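Student: I would like to learn how to read the packing of nonpolar side chains in a model. Could you take me through one case?

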Amino acid sequence: MGGLDLTGISDGELLTLVDGLELARRRVPAIDHAVVAQLEQRHVAFEFGVHDTVTLLVKRLRISRHAAKRRVLDAVDLGPRPAFPALAAAQAAGQVSEEHAAVVIAAIDALPAEVHPDTLEADLV
């Protein structure tokens, strides 16, 4: 792909391409959440001799423990049975980025106990 020649396309086509790439990029995390949730649900880590999904992801994908933990937490928050359904739907549709989702989750998590996040989630998305 490094040799991809885009010099022959119009500015409008280039913008359409960048829009499509961003939409695809924003949808990928929703797929990751579903995959990681299945790893958790099926206890795949134990089958491969490690004690949890975080460790499995660290060893298998060669990512940091922090990144692996974030993926597992995101799978809980935004996966198939999401803690934040409106946010999960927006991410699956490509309407919000991973950064946007993280900001919304952090804002909701920081709310006092007496505030009900269910009513605010859609507004923050």
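**Reading the nonpolar cores**

Tutor: In this predicted model, the largest nonpolar core has 13 residues, and those with the most contacts inside it are V36, L39, L56, L57, A68 and V72. Two or more residues of this core come from each of α1 (11–42), α2 (44–47), α3 (53–61) and α4 (65–78). Apart from this core lies another, of 10 residues, among them L87, A88, V96 and A101.

Student: What is the general idea behind looking for such groups?

Tutor: In soluble globular proteins, nonpolar side chains tend to be buried together. Here L56 can serve as the case, since, leaving aside residues up to four places away in sequence, L56 touches L39, V44, A45, F48, V50 and L61.

Student: Which residues of α3 are buried, and which helices do they pack against?

Tutor: The buried residues of α3 are T53, V54, T55, L56 and L57, and these pack against α1, α2 and α4. Just after α3, the backbone at R62 takes a positive phi of about 60°.

Student: Which residues make the nonpolar patch on the surface, and does L17 count as buried or partly exposed?

Tutor: The surface patch, of about 460 Å², is made by L4, L6, I9, L14, L17 and L21. Of these, L17 lies in helix α1, a helix that also gives two or more residues to the largest core. L17 counts as partly exposed because its relative accessibility is 34%, whereas buried would mean under 20% and exposed over 50%.

Technical notes
Residues numbered from 1 in each chain as written. Predicted model: local features only at pLDDT ≥ 70, side-chain atom pairs only at ≥ 80, totals over all residues. Heavy atoms only, no water. Core = buried A, V, L, I, M, F, W, Y, C linked by side-chain atoms within 4.5 Å. Buried < 20%, exposed > 50% of the residue type's maximum accessible area, 1.4 Å probe, protein only. Helix = DSSP H or I, 4+ residues; strand = E, 2+ residues; numbered from the N terminus. Contact = heavy atoms within 4.5 Å. Patch = residues over 30% accessible without salt bridge, like charges linked within 9 Å, V, L, I, M, F, W, Y side chains within 5 Å. Areas by Shrake-Rupley, 256 points an atom, 1.4 Å probe, with all protein chains shown as cover. Salt bridge = Lys/Arg side-chain N within 4 Å of Asp/Glu carboxyl O.
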